[in-house]
Amino acid sequence: MNEEPSATLEMVIITGLSGAGRSEAARCLEDLGWFVVDNLPPSLLGTMAELASRSHGAIAQVAVVVDVRGRGFFADLREGLEQLQRAQVKPYILFLEANDSALVRRFEHVRRPHPLQGDSRLIDGIERERSLTEELRGMADLVVDTTDLNVHQLRDRMDSVFSVGQSEALRITVVSFGYKYGLPVDAEMVVDCRFLPNPHWIPDLRPHTGQDEDVRDYVLGQPGAIEFLDRYAELLGLQKAGYLHEGKHYLTLAVGCTGGKHRSVVMAEQLGERLADAGAEIKVIHRDLGRE
């Protein structure tokens, strides 16, 4: 008679685009003490959970790397997820992606063809895989864009999400950015700070950044700035309990202005302070600071 997998078993499904960092993410989780299985057929997810249950607690955290190269992938994935649901195991789906230029550069660097390229061009294989994984991306609990991440930054990101001894606090990464450089594609929520006057047009402030006191005082001194911060932090406080109840422990909040140098930097740091005071675990990243 088969044992039922323990409801306390943690399982992460690592998936996404080839070349986006699946293997590195898996190695990071392995270093953190997770039991990692690479390229497991998705139909065997339930079997993997059952085997972990037989370890009597020796294997409590399992990470499984899956990709779409196998035929019937989505039918097998649905079957595997249904098996986990019956076993009361809720997997956390991590989806890794990058833009076409970054993926092309990485494949050319290692001099390997794309697994779905066939007799076509490299970019054709990338586009084919991106189309095939669109549905899976929509199912993901966390989407990480590795376009601008090096290996160390990706490992830092994995560590911040999956390190041993996770608390029950919501982990929020607050990312400041410039709209002229594009939206962070892995952000679940976006805050637009362009309603505030731009310090770029103040000659004495233009060369400074949102980390400088004079810029910070100027931005926070504008009508509505403090009230906006307080109310938005209050809104996220209301959402926090719902996220945790649904098993979502990680959130990426993007805060944008035109260039990502002044307003968004100030507002991101201020939001981070308020959310930390409310009990969330906060990491603030300034994506485009120094880019101009």
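Here is a short walk through the structure above, from the whole chain down to a few chosen places. Keep in mind as you look that this is a predicted model.

Let's begin with the overall build. The protein chain holds 10 helices and nine strands. How far does the C-alpha trace of the protein chain span along its principal axes? The span is about 70 × 45 × 30 Å. The radius of gyration tells a matching story: for 292 residues, a compact globule would have a value near 19 Å, and the 21 Å of the protein chain agrees with that. Contacts add to the picture. Among those in the protein chain with a separation of 6 or more, 79% join residues 24 or more positions apart.

Now for the inside and the outside. Of the 292 residues in the protein chain, 48% are buried. The accessible surface comes to about 14700 Å², and carbon and sulfur atoms account for 50% of that area. As for charge, the protein chain has 32 positive and 45 negative charges, and the mean positions of the two sets are 5 Å apart.

Helix H2, residues 45-53, is a good place to step inside. Why can we call H2 largely enclosed by the rest of the structure? Seven of its nine residues are buried, and buried here means under 20% relative accessible area, so the helix has the rest of the structure around it. You can pick these residues out in the model: Leu45, Gly46, Met48, Ala49, Glu50, Ala52 and Ser53. Their packing partners come from several elements, namely strand E1 (10-16), strand E2 (35-37), strand E3 (61-65) and helix H3 (73-86).

Further along the chain is helix H4, which covers residues 100-110. Which residues of H4 are buried? They are Ala102, Leu103, Val104 and Phe107. These buried residues pack against helix H5 (122-132). Follow the backbone just past the end of H4 and you come to Arg111, which takes a positive phi of about 55°.

Our last stop is a single side chain, Gln270, found in helix H10 (residues 263-277). Is Gln270 buried or exposed? Its relative accessible area is 11%, and because the cut-off for buried is under 20%, Gln270 counts as buried. Setting aside residues up to four places away in sequence, Gln270 touches Arg216, Leu220 and Leu229. Try showing Gln270 together with Arg216, Leu220 and Leu229 in your viewer to see these contacts for yourself.

Notes:
Residues are numbered from 1 along each chain as its sequence is written. This is a predicted model: local features need pLDDT of at least 70, side-chain atom pairs count only at pLDDT 80 or more; totals for chains, interfaces and linings use all residues. Side-chain values use heavy atoms; hydrogens and water are left out. Helices (H or I, at least four residues) and strands (E, at least two) are DSSP runs, numbered from the N terminus. Buried means under 20% relative accessible area, exposed over 50%, partly exposed in between (1.4 Å probe, protein chains only). Contact means heavy atoms within 4.5 Å. The radius of gyration is taken over C-alpha atoms; the globule rule is 2.2 Å times the number of residues to the power 0.38. Accessible areas come from the Shrake-Rupley method with a 1.4 Å probe; for residues, only the protein chains shown count as cover. Lys and Arg count as positive and Asp and Glu as negative; His and the chain ends are not counted. The place of a charge is taken as NZ of Lys, CZ of Arg, CG of Asp or CD of Glu.
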